[in-house]
Structures are given as C-alpha cells and as structure tokens.
Amino acid sequence: MSIKEIMNAQQSVKETLDSFKKLDEHTYLMNFTADYGLDSLLEKGVNNVAQLLKFVQNYYHLQKKTLTMDKGGYACTTFNVFNKEGQHLLARNFDYKDAENVVVWSAPENGYKSVAVTDVNIMLYGREHQNPTKTENHSRFLAAPYCCMDGINEKGLAIAVLELKDKATNQQRGKKGIIPPAAIRAVLDKCENIDEVIEFFENHDMHDSLFCNYHYHVADASGRSVIIEYVKNEMNLIYPEDKNQYAMNFYLTKGVYNAKDFGFERRDKVLDAFKKNGGIMEEGEAMKLLERCKLYYKHKRGYMITSLWSAVYNCNEKTMLYCGGMDYSVKYKFSPLKPGVAERVE
C-alpha cells in the first residue's frame, strides 16, 4: 500500500470508531466505513473463532489478545410472514445474556450495503471489558462486522441464525471453511437472493466453533424463504409448505430429534397466530407476536437470559423495525441506505 492508501485506511478506521454512539439505554449505533477484509478472509477460509479473531487483529494491527468472542448459549425465535400489500417480512427475537445491543451499518466496496445487529457480550466478552462506553474497549468493536447475528442488505435479503443444542457441525469436504458469524457477514455482503445464499453455504465447509449446532432462516424480496440446517454434517434445506415458516431451537428436518430441543411453546404461539390471521401480519403485529414470544429468566449459572432485541425485517422496503431490551413501547426503523439514522416509530 502507498503512504496515501495507508493514511486513508487509518482515517477510515478512526471515523468508524468515532461513529460509535449511544442511542438509548439498550442500544448503540456504529457506522462501519472501514474495510474489514472479507474477501481476504474468505480466500483464507476460517475454521474457528480463534482464526477469525487473529485475522481481525492482524488486519488492523491490534495488540495480541485484544479480541475475544463469547461462546454462545442463546435461544431465538424467527418467523416469516407477508403483510396485506404482499411485502415479505422476517421477524426475529435474539435471546441471550442481558446486555446492550449494537446496530451496525456496513458499506463494503465489493459488496452490498447492510444493517445488522449484535450485542456487547459477543465482542466485549470478559468482566473487564463489559462496559462499551470505555474508550479502551472501542478497538474491540473493529470485530463488529463479524459478530452480527441477523441483518438485511440493500437487496432485501435478510438472514438470522438460531442455536440448536446439539453437536457442532464440522464439515470436512475439502472446501474453504466458514463459521456462523462470518457466514452471516458474507451472506449480507455477497448475496442477493435465496439461491445465492444456498450456493454460498454449499461452497463452504461449515465449522460451528461456538460449541453448538446452528440453523439459519433466510428470506428475500421475491417472497421466498428457506431454513438451512445441518444434521450430522450434512446440509438440509427446509422450504415452507405454504408461505410461512418458523424456526426456534429444535430441528426442522423431518425425522430428526434431539433430546435438548426446546422452544415448542414459542412455536405454538406462532402457529396460533398464523392460524388466526392466515399468515398475514403488518410489521406492528409481527412485533407484538415477538413480544409474546420473549424470554426472561435466570440461567442456572446466575445471569439473566432476556430477549435482547426484536427485529422485523421488511425485505421489500429493505428496512428493520427494531425494539431493544424488551421495551416494546420504543420502536426504531433502520435502513441499509441510511447509515447512522434511527427513525423513531410511534
């Protein structure tokens, strides 16, 4: 790189870190304008969290052991519906250790613009790092693009990941490796529709290095949806029997049962809502259903499990309706095309 290119890159990193700001008691915003090297990561492949963190540390020339990532242990709900105008919605609750959230915008030079969500537990793992307002912690947010759990891009492609409490997937087919959070980033940056998402997953060996198995709910602007899950290292595609789908924390592949499956009571709430309204919901109605599916309880290890955020992605308008910290009286709308902008919705 030339001196000018190095200086521009440094300035972009500074602008990215300076963009980190507090929206309210539950949510921070971050406009990620710095290059985060996704193409280089995909070329190398990534087989575990340690490799991902080492890549980010080296990419930004950070001190060793600057970055850590939480190992998971979350419960989630997703479903996709259509509103009366025929717009395709993907709704999601992210349930995890109580913490603040971070809404992350990205506009890669060789990819699609997107807005996605993560939380400070994932990036600021460890007691000494939990305070996101401390300046010394801010460099850790350079990992933000690779920590998002759901999001939508400018093409109206939305994706969310959910945990399955089963043996982690570890494919060994001789293809480039990928792990769940890096896959979310690659899909948002590189994929326009369901077919491209499936192709991406097929062309990579999945390594669930966060100690569990995972499945993915994907929806696009054409009205199509699919749930991608892995059973004994084999990828399965689950398409909707009608127009609507749901995912919780149990397998959807027919004939597969896991003793640790859970979330059936949330499934029943979603199915009941589907039956009552024929699978037609406006964004506000989808948010109310997410509220009915929220979780709030004390984990056996002592921390609280809550629904950190609820999001309703509109694949046609390319927007995210968002509530943080289970405060459903406060709603914001975000767009991939409006970085840093939080529009309050009444």
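These are my notebook entries on what I looked up in this structure, which is a predicted model.

**Entry 1, overall make-up.** I began with the chain as a whole and found eight helices and 19 strands. Of its 346 residues, 57% are buried. I then looked at how contacts are spread along the sequence: among those between residues at least 6 apart, 65% join residues at least 24 apart. For the surface I noted an exposed area of about 15400 Å², of which carbon and sulfur atoms supply 48%.

**Entry 2, the nonpolar core.** I looked up the largest nonpolar core, which has 103 residues, and listed those with the most contacts inside it as Phe32, Phe79, Phe200, Phe201, Tyr216, Met320 and Phe334. Helix α5, residues 180-190, gives this core its largest share, namely six residues. I therefore checked the cover on α5 against the cut-off for burial, under 20% relative accessible area, and found that ten of its eleven residues are buried. The buried set includes Pro180, Pro181, Ile184, Val187 and Leu188, and it also takes in Arg185 and Asp189.

**Entry 3, around Met320.** From the core list I picked Met320 and wrote down what it touches, leaving out residues up to four places away in sequence: Val103, Val115, Val117, Ala311, Val312, Tyr313, Tyr332, Lys333 and Phe334. Two of these partners, Tyr332 and Phe334, led me to the aromatic rings.

**Entry 4, aromatic rings.** I counted 16 aromatic pairs in the model. For Tyr322 and Phe334 the ring centres are 5.6 Å apart and the planes stand at 65°, so I entered this pair as edge-to-face. The pair links distant parts of the chain, since Tyr322 belongs to strand β17 (residues 319-324) and Phe334 to strand β18 (residues 331-334), with their positions twelve residues apart. Phe334 also pairs with Tyr332, and here I noted a stacked arrangement, with 6.2 Å from centre to centre and 25° between the planes. When I looked up accessibility, Tyr322 came out buried at 0%, Phe334 likewise buried at 0%, and Tyr332 buried at 10%. Ring pairs link Trp105, Tyr322, Tyr332 and Phe334 into a cluster. In a separate search for charges over rings, I found Lys243 over the face of Phe82, at 5.5 Å from the ring centre.

**Entry 5, cysteines.** How many disulfides does the structure hold? I found zero. For Cys148, the nearest cysteine sulfur is that of Cys147, at 7.1 Å, and since a disulfide needs sulfur atoms within 2.5 Å, Cys148 is in none. Cys148 is buried, with a relative accessible area of 1%, and Cys212 is buried as well, at 12%.

**Entry 6, backbone angles.** Most residues other than glycine have a negative phi, and I noted two residues with a positive value. Asn233 has phi near 70° and lies in the loop between β12 (225-231) and β13 (234-238). Lys318 has phi of about 60° and is found in the loop between β16 (304-314) and β17. Are these two loop residues buried or exposed? I found Asn233 partly exposed at 31% relative accessibility, and Lys318 partly exposed at 26%.

Technical notes:
Residues numbered from 1 in each chain as written. Predicted model: local features only at pLDDT ≥ 70, side-chain atom pairs only at ≥ 80, totals over all residues. Heavy atoms only, no water. Core = buried A, V, L, I, M, F, W, Y, C linked by side-chain atoms within 4.5 Å. Buried < 20%, exposed > 50% of the residue type's maximum accessible area, 1.4 Å probe, protein only. Helix = DSSP H or I, 4+ residues; strand = E, 2+ residues; numbered from the N terminus. Contact = heavy atoms within 4.5 Å. Phe/Tyr/Trp six-rings, centres within 6.5 Å; stacked < 30°, edge-to-face > 60°. Lys NZ or Arg CZ within 6 Å of the ring centre and 35° of its normal. Areas by Shrake-Rupley, 256 points an atom, 1.4 Å probe, with all protein chains shown as cover.
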